[in-house]
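User: I'm new to this one and would like a close look at a single part: the place where the two chains meet. Could you walk me through it and then set it beside the contact between the domains?

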Protein chains: 2
Amino acid sequence: MPKLTAQRQAILDLINASNRHWDADEVVRALVDAGASIGIATVYRGLAALESQGLIDSIQLADKKRYERADKAHHDHMVCTGCGHIEEFSHDTIEALQEAAAEKKGFKLTGHQLVMFGFCRKCRQELHT
Amino acid sequence: MPKLTAQRQAILDLINASNRHWDADEVVRALVDAGASIGIATVYRGLAALESQGLIDSIQLADKKRYERADKAHHDHMVCTGCGHIEEFSHDTIEALQEAAAEKKGFKLTGHQLVMFGFCRKCRQELHT
DNA sequence: TAGCATAATGATAACTGTTATCATTATCGT
DNA sequence: ACGATAATGATAACAGTTATCATTATGCTA
């Protein structure tokens with residue numbers, strides 16, 4: 001049972017304040033810039049604690065982990081290879097099909113992660129220039 | 001146009017010989033154990049080269065990248081949190097739904113990765129012991 | 001409310017997977 | 001065979017993350 005300390009509350013507030021997907025480094029920087037005193041190790045531990053309590057969500061990208069607001073209805077992500085923009089989307093049918101596929105293999109699902117890569121509308125236009 | 005050197009051929013043969021999902025370290029170890037002389041850097045470059053030519057596929061897991069035989073029909077993965085076992089599965093409908101979702105957001109898809117986490121049949125039984 | 005066990009903090013060392021460097025060697029087209 | 005180009009391998013460097021450890025905060029409990 002992790003404690004919701006002042007530092008963790010600050011992290012949580014920061015993440016809850018927007019739709020952004022934050023990495024640990026961005027979180028420290030934002031908090032320090034806002035006048036808080038917090039170290040990178042504390043941020044890593046805080047993020048892990050908050051996630052374990054279901055207060056925030058995360059996606060594991062190739063290079064780093066990014067955290068976002070908790071969403072009771074699980075959603076997936078589209079990542080733009082051009083600019084890094086992350087778009088969210090949810091699709092009940094996909095979820096259901098996953099469950100069915102797992103069932104067929106004898107798996108008891110605990111979670112999943114679907115990331116789609118491509119170019120967002122803006123970057124597509126720039127490619128054609 | 002990368003060259004298919006002796007080292008890269010050895011990597012390719014190793015990966016093609018099974019359904020396993022290899023990380024770079026396992027590849028060097030296997031090749032060295034088999035009497036080959038190859039360095040870790042060469043393996044990393046070889047794996048990247050082979051993948052860029054479509055001769056092998058890869059999945060990016062949280063900690064490391066794993067390589068497997070190329071599969072023209074894209075498949076996704078179920079990873080057992082208990083023992084690390086990786087099961088493959090493919091589902092045309094899921095693929096189609098992803099395309100549709102991307103279209104709706106203005107994304108031009110270039111790829112995707114769906115990883116499901118859970119417990120395989122064997123590990124489920126052990127949990128109940 | 002004081003005392004105390006437990007957990008969190010923060011600076012930094014350590015670790016892991018991966019990429020860069022660079023001198024040497026192999027490859028391939030002419 | 002020559003020469004340009006690319007690959008190799010040992011190792012340094014790098015990025016993200018976790019471990020260590022002395023110090024500080026938290027929140028029971030008496």
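Analyst: Let's start with a term we'll need for the chain contact: a salt bridge here is a side-chain nitrogen of Lys or Arg within 4 Å of a carboxyl oxygen of Asp or Glu. Keep in mind, too, that this is a predicted model.

By that rule, chain A and chain B share two salt bridges. One you can look up pairs K105(B) with E87(A), whose side chains come to 4.0 Å, N to O. Besides salt bridges, there are polar contacts to count, and between chain A and chain B these come to 16 residue pairs, with both partners at pLDDT 80 or more.

Which parts of chain A do the touching? The elements that each supply at least two residues to the side facing chain B are β3 (76-80), β4 (86-89), α4 (92-105), β5 (108-119) and α5 (121-127). Of these, β5(A) gives the most, with twelve residues. Sorted by class, that side of chain A has 17 nonpolar, twelve polar and seven charged residues.

Now for how much surface is involved. The size of an interface is often given as the accessible area lost when the parts come together. For chain A and chain B that area is about 3100 Å², and carbon and sulfur atoms give 67% of it. In residues, the contact takes 36 from chain A and 36 from chain B. The copies meet through the same surface, because 100% of the interface residues of chain A are also interface residues in chain B.

The way the chains are placed fits into the picture here. Chain A can be laid on chain B by a rotation of 180° with 0.0 Å of shift along its axis, leaving an RMSD of 0.1 Å. The two copies are thus related as by a two-fold rotation axis. If you want to find that axis from chain A, go to L114(A): its C-alpha is the one nearest the axis, 2.1 Å away.

Next, the contact inside chain A. The domain assignment splits chain A into domain 1 (6-69) and domain 2 (76-127). Taken over C-alpha atoms, the centres of these two domains are 22 Å apart. Seven residues of domain 1 are in contact with six residues of domain 2. Together the two domains of chain A bury about 530 Å² between them, 60% of it on carbon and sulfur atoms. On the domain 1 side, H21(A), I59(A) and L61(A) lose the most area to domain 2, together 67% of what that side buries.

How many salt bridges cross between the domains of chain A? The rule finds zero there. There are, however, four residue pairs in polar contact between domain 1 and domain 2 of chain A, again with both at pLDDT 80 or more. On the domain 1 side, β1 (56-60) and β2 (65-69) of chain A are the elements that give two or more residues to the contact. The residues on that side divide into two nonpolar, three polar and two charged.

One last stop takes us back to strand β2. Over all chains, a search of the whole structure finds 14 salt bridges. One of them joins the side chains of E51(A) and K65(A), at 3.4 Å, N to O. Since E51(A) lies in helix α3 (residues 40-52) of chain A and K65(A) in strand β2 of chain A, the pair ties together parts that are 14 residues apart in sequence.

Definitions and conventions. Residues numbered from 1 in each chain as written. Chains lettered and ligands numbered in written order. Predicted model: local features only at pLDDT ≥ 70, side-chain atom pairs only at ≥ 80, totals over all residues. Heavy atoms only, no water. Domains from an automatic or database assignment. Contact = heavy atoms within 4.5 Å. Buried area = accessible area lost by both parts, 1.4 Å probe. Polar contact = N/O pair within 3.5 Å; in protein donor to acceptor, adjacent residues only side chain to side chain. Helix = DSSP H or I, 4+ residues; strand = E, 2+ residues; numbered from the N terminus. Nonpolar A, V, L, I, M, F, W, Y, C, P; charged D, E, K, R; others polar. Least-squares fit on C-alpha atoms with pLDDT ≥ 70 in both.
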